[in-house]
Amino acid sequence: EIEAVSFAHPKVLPQLADAAEVMAAVPRVAGVRYRGLAPNFRGAERAVDCGLDELVVVVSADEEVSRRNQRLTVDEALDGLARIGELARTSGLRLVTAVACSFFAPGRGPVTREERLRVVDAAVSAGSAGAYLAGTSGQEEPGEIYDGIREVRELYPGLEVGVHLHNRNGFAPANALAALQAGTDWIEGSFAGLGGDLWFPGDPSVLGNAPLEDLVHLCDGLGIHTGVDLDSYLLAADRIVELTGRASASFVSRGGTRAQLAQARWPAEEPASGKG
């Protein structure tokens with residue numbers, strides 16, 4: 001599954017204004033689901049005519065983040081989600097809901113389970129086939145990831161449940177492992193960690209999404225088959241870095257795989273100079 005495009009407002013994110021044109025040019029491969037993100041109903045309307053397989057809608061569990069990021073209250077965002085659910089049904093699109101700030105919100109701290117489950121419940125009511133708990137702040141911890149995924153799976157057994165990870169605190173691999181232990185259906189990251197973060201102080205090198213190549217590398221190390229060939233993915237990630245000029249945040253890109261390190265050779269020793 002690839003989230004290929006985002007239908008954000010062109011005036012807010014002008015670099016994403018050509019989402020429809022980009023999607024029209026995306027090569028389609030059998031067995032791959034292509035997804036577009038919509039932050040609101042207008043974005044969803046733009047998305048339905050673009051040949052997508054799946055539409056993902058973002059709703060924040062935190063009130064302040066919802067107001068600042070989407071200029072909507074949580075109540076308004078949930079009303080929009082219900083309308084988008086109807087639009088997805090009539091358009092034949094599979095709907096997924098992203099629960100932003102599922103565990104922790106900047107400028108505030110922990111988000112309650114009631115706030116998180118309120119959005120998940122609305123997602124189910126809107127007809128979502130899946131929902132993912134987003135670690136939007138990058139300050140999420142393995143215990144709360146495990147508990148959150150496990151609870152949603154128990155409460156909504158027919159719902160596919162995923163997790164979206166950032167790596168500000170360096171916990172993304174641990175959080176991915178906790179999500180796997182809790183029975184997550186998918187783990188979401190991005191090429192080379194590409195992507196933004198809610199602006200708060202911090203080193204830019206740790207403020208993006210969790211690099212998917214590190215998550216695939218982790219799964220490979222655990223013997224979990226992802227269907228993603230890591231060597232091929234690393235070539236694609238390198239190309240993304242080349243095109244964007246943005247340095248990779250990935251450990252496996254910078255440090256190499258086990259196979260690459262095993263095949264490395266020690267440099268030849270320089271002969272002694274004979275000087276005392």
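Here is a short chat about the sheet in this predicted model and one residue in it.

Colleague: Hi! What should I know before I look?

Modeller: It is a predicted model, where local features need pLDDT of at least 70, side-chain atom pairs count only at pLDDT 80 or more, and totals for chains, interfaces and linings use all residues. Residues are numbered from 1 along each chain as its sequence is written, and side-chain values use heavy atoms, leaving out hydrogens and water.

Colleague: Cool. In what order do the strands of the open sheet come?

Modeller: The 7 strands run β1-β2-β3-β4-β7-β8-β9, with parallel pairing. Strands are DSSP runs of E with at least two residues, helices are runs of H or I with at least four, and both are numbered from the N terminus. Two strands pair if DSSP finds at least two bridges between them.

Colleague: Which are the edge strands?

Modeller: They are β1 (2–6) and β9 (186–188), and each pairs on one side only.

Colleague: And how many bridges link β1 and β2?

Modeller: β1 pairs with β2 (residues 34–38) over 4 bridges, in the parallel sense. E3 has R35 as its bridge partner in β2.

Colleague: New topic: where is E188, and is it buried or exposed?

Modeller: E188 sits in strand β9. E188 counts as buried because its relative accessible area is 11%, and buried means under 20%, exposed over 50% and partly exposed in between, with a 1.4 Å probe and protein chains only.

Colleague: Which residues does E188 touch?

Modeller: Leaving out residues up to four places away in sequence, E188 touches E3, R35, Y132, V163, H164, L165 and L215. Touching, or contact, means heavy atoms within 4.5 Å.
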